[in-house]
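Please look through the structure below with its sequence at hand, and follow the explanation from strand to helix to core, pausing to find each residue as it is named.

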2 protein chains.
Amino acid sequence: MRIDNLQYANWSEKIFRQMNEGGVHAVHVTIAYHENFRETVLNFEQWNRWFEQYPDLIFAGKVAADVDHAVANNKTAIFFGFQNPSPIEDDIGLVEIVHTLGARFMQLTYNNQSLLATGCYESYDSGLTRMGKQVVREMNRVGLVVDMSHSGDHSTIEAAEFSQRPIAITHANPHEWEPALRNKRQSVIEAVTSNGGMFGFSLYPHHLHGKTDCTLESFCTMIARTADKYGVQHLGLGTDLCQDQPDAIVEWMRVGRWSKEIDYGEGSAASPGFPPMPQWFQDNRDFGNIEQGLRTLGMSADEVAGIMGGNWYRFYAENFTPTAA
Amino acid sequence: MRIDNLQYANWSEKIFRQMNEGGVHAVHVTIAYHENFRETVLNFEQWNRWFEQYPDLIFAGKVAADVDHAVANNKTAIFFGFQNPSPIEDDIGLVEIVHTLGARFMQLTYNNQSLLATGCYESYDSGLTRMGKQVVREMNRVGLVVDMSHSGDHSTIEAAEFSQRPIAITHANPHEWEPALRNKRQSVIEAVTSNGGMFGFSLYPHHLHGKTDCTLESFCTMIARTADKYGVQHLGLGTDLCQDQPDAIVEWMRVGRWSKEIDYGEGSAASPGFPPMPQWFQDNRDFGNIEQGLRTLGMSADEVAGIMGGNWYRFYAENFTPTAA
């Protein structure tokens, strides 16, 4: 079983076929960066069209059992998520609505301050806001997972402790391996995993040691060390694969509608677009390289299976449905 | 000339006639607490209907000269404002759009954390956000005044210093007179007025010493002391008159859509609704009482005229139009 818990590709039949060829049974796909509720519904609609067009390749995933169905039928279950709470606007009632529509992960912030918490690019991180605490409780109730990948450290630790159910960092790496702004310090990973949460390793080059030139061995060694520190059962993949996206998309991700000036985020004026992926992870057909890399390091078959998908599967099973009344 | 720089009444022909009887030449009316852009446009539409229905009483004010027109024709110019940035959603481009539609004041926050700054009810005040700084610059450019009445102290002081044009606290009183959460400490009033900004005195009972039983003399003495400390030219009225509003409205103001639990704001479970206004200020016909009260204390005719409207008039003249290119 292979699960990639974060992709944001320029979706196409080609990519859906590559998921199939790569044996990827579930993908958590981002369908909102700055979209408001109505715009997010348009993105759900677009996926409905793709499910209608490519029923032999993909279908809408709602619960963990859908991944079993994908394995049995050689398909890919698509789970939806938001990298920003913009889809719920200022309306706590929309939390249950977006869950009903299929959302399973929602970041409380995307780089900037939101109505709920503080993003990792702000100068000060004041933690969960008044609305943020209300919304986390509601997300807990309905089974919408709190994702803090793009949040500040204080907000992330507070969310991990305040949430009544485990939370996730779906796509990032340890800061001690590569000191990128988006990578996570020990106290942050500790807060998330010690409360039962998951940490997904990113393959976005800005998060890699050596960026595009990062070696498979360095990446897999980093995973093994992280497993030693926090427990292998809390680890999975969230590749952040942005395959075939034009550079205009990274500008939308970074600037949305909030600024009249360009903001380069993890890029720069000299290198504003998407960086090239490492040679050993170009698309969904390359998960075998990571699996082989982990085995080469001497990790057990069970441990590798957990990282490649089993751990996310268990997390899905425990966190996608409402709490008992 | 009389200007009331904050009202949020349950508008009716009766109230428009009372404005006329009270010689109120301009009123800044709140048309958004939690409304998003489209909902705010509905509120502009409602005012267009009233302007069409009551042309002998009210008209849309855009610039200070409209107040002169109101004086000359015995009418009331209505200026629009928002107590929350919800009308611009997450879109900096909407700043110019709402100004074109007639908005002249916008609070950066209403009690809670917004995308721009921190409200006075949050535990931590992190000041202007990344988007907040961009939006203040844009508000400065188009002539939309920053109002910090419901913001935290740090955010207010930072906004007063960061803004390139004077800002306002349209409706509050000094904290040293009545230590309400919404009343403002010396450092805050100093930051706003020393940068050319305006401070409007509130008659909302929760902001008054003795609440509903506050005496006219106590209120006027407080104004005189504030004038001695910060300069009379920076002072005006922003009564926060919520005439004829049902209690359901104060619930909307406090809770909007952000919480499933009731939040009592300045009220309490025992007293959740609008408090009764002081006997000497029931509606728009009572501005003469305040004017008389200030004169009785020995303030000069010029000083009293400034507080009753002249100071807001000057502020309107300087701050409602775009900066020169």
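In this predicted model, F199(A) stands opposite L235(A), a residue of strand 9 of chain A. The pairing to which these residues belong is that of strand 8 with strand 9 (residues 235–237) of chain A, which lie parallel and are joined over three bridges. To get from strand 8 of chain A to strand 9 of chain A, the chain passes through helix 8 (residues 216–230) of chain A, and the β-α-β crossover made in this way is right-handed.

Strand 8 of chain A also has a partner in strand 7 (residues 168–172) of chain A, and here too the strands run parallel, with three bridges between them. In this pairing F199(A) has I169(A) opposite. The chain reaches strand 8 of chain A from strand 7 of chain A by way of helix 7 (residues 186–194) of chain A, again in a right-handed β-α-β crossover. Are the two faces of strand 8 of chain A covered or open? Both are covered, since M198(A) and G200(A) on one side are buried, as are F199(A) and F201(A) on the other.

Helix 8 of chain A, which we met as a link between strands, also packs against helix 10 (residues 287–296) of chain A, at an angle of about 65° and with the axes 9 Å apart. This crossing is right-handed, and the contact is made by residues that include F219(A), C220(A) and I223(A) from helix 8 of chain A and I290(A) and L294(A) from helix 10 of chain A.

In chain B, a further helix pair can be followed in the same manner. The axes of helix 4 (residues 94–101) and helix 5 (residues 130–142) of chain B come within 9 Å and cross at roughly 35°, in a crossing that is right-handed. On the side of helix 4 of chain B the residues are V95(B), E96(B) and H99(B), and they meet V135(B), E138(B), M139(B) and V142(B) of helix 5 of chain B.

In soluble globular proteins, nonpolar side chains tend to be buried together. The largest nonpolar core of this model has 163 residues, and those with the most contacts inside it are A159(A) and A159(B). Among the residues that A159(A) touches, leaving aside those up to four places away in sequence, are L108(A), L128(A), V146(A) and I167(A).

For a residue that is not buried, turn to E251(B), which lies in helix 9 (residues 247–255) of chain B. Because E251(B) has 17 C-beta neighbours inside 10 Å, it counts as partly exposed, whereas a buried residue needs 20 or more.

Notes
Residues numbered from 1 in each chain as written. Chains lettered and ligands numbered in written order. Predicted model: local features only at pLDDT ≥ 70, side-chain atom pairs only at ≥ 80, totals over all residues. Core = buried A, V, L, I, M, F, W, Y, C linked by C-beta atoms within 7 Å. Buried ≥ 20, exposed ≤ 12 C-beta atoms within 10 Å, placed from the backbone. Contact = placed C-beta atoms within 7 Å. Helix = DSSP H or I, 4+ residues; strand = E, 2+ residues; numbered from the N terminus. Pairing = 2+ DSSP bridges. Right-handed = clockwise from strand over helix to strand, strands pointing away. Axes fitted to C-alpha atoms, helices over the stretch in contact; angles between N-to-C directions. Left-handed = near helix turned anticlockwise from the far one by under 90°.
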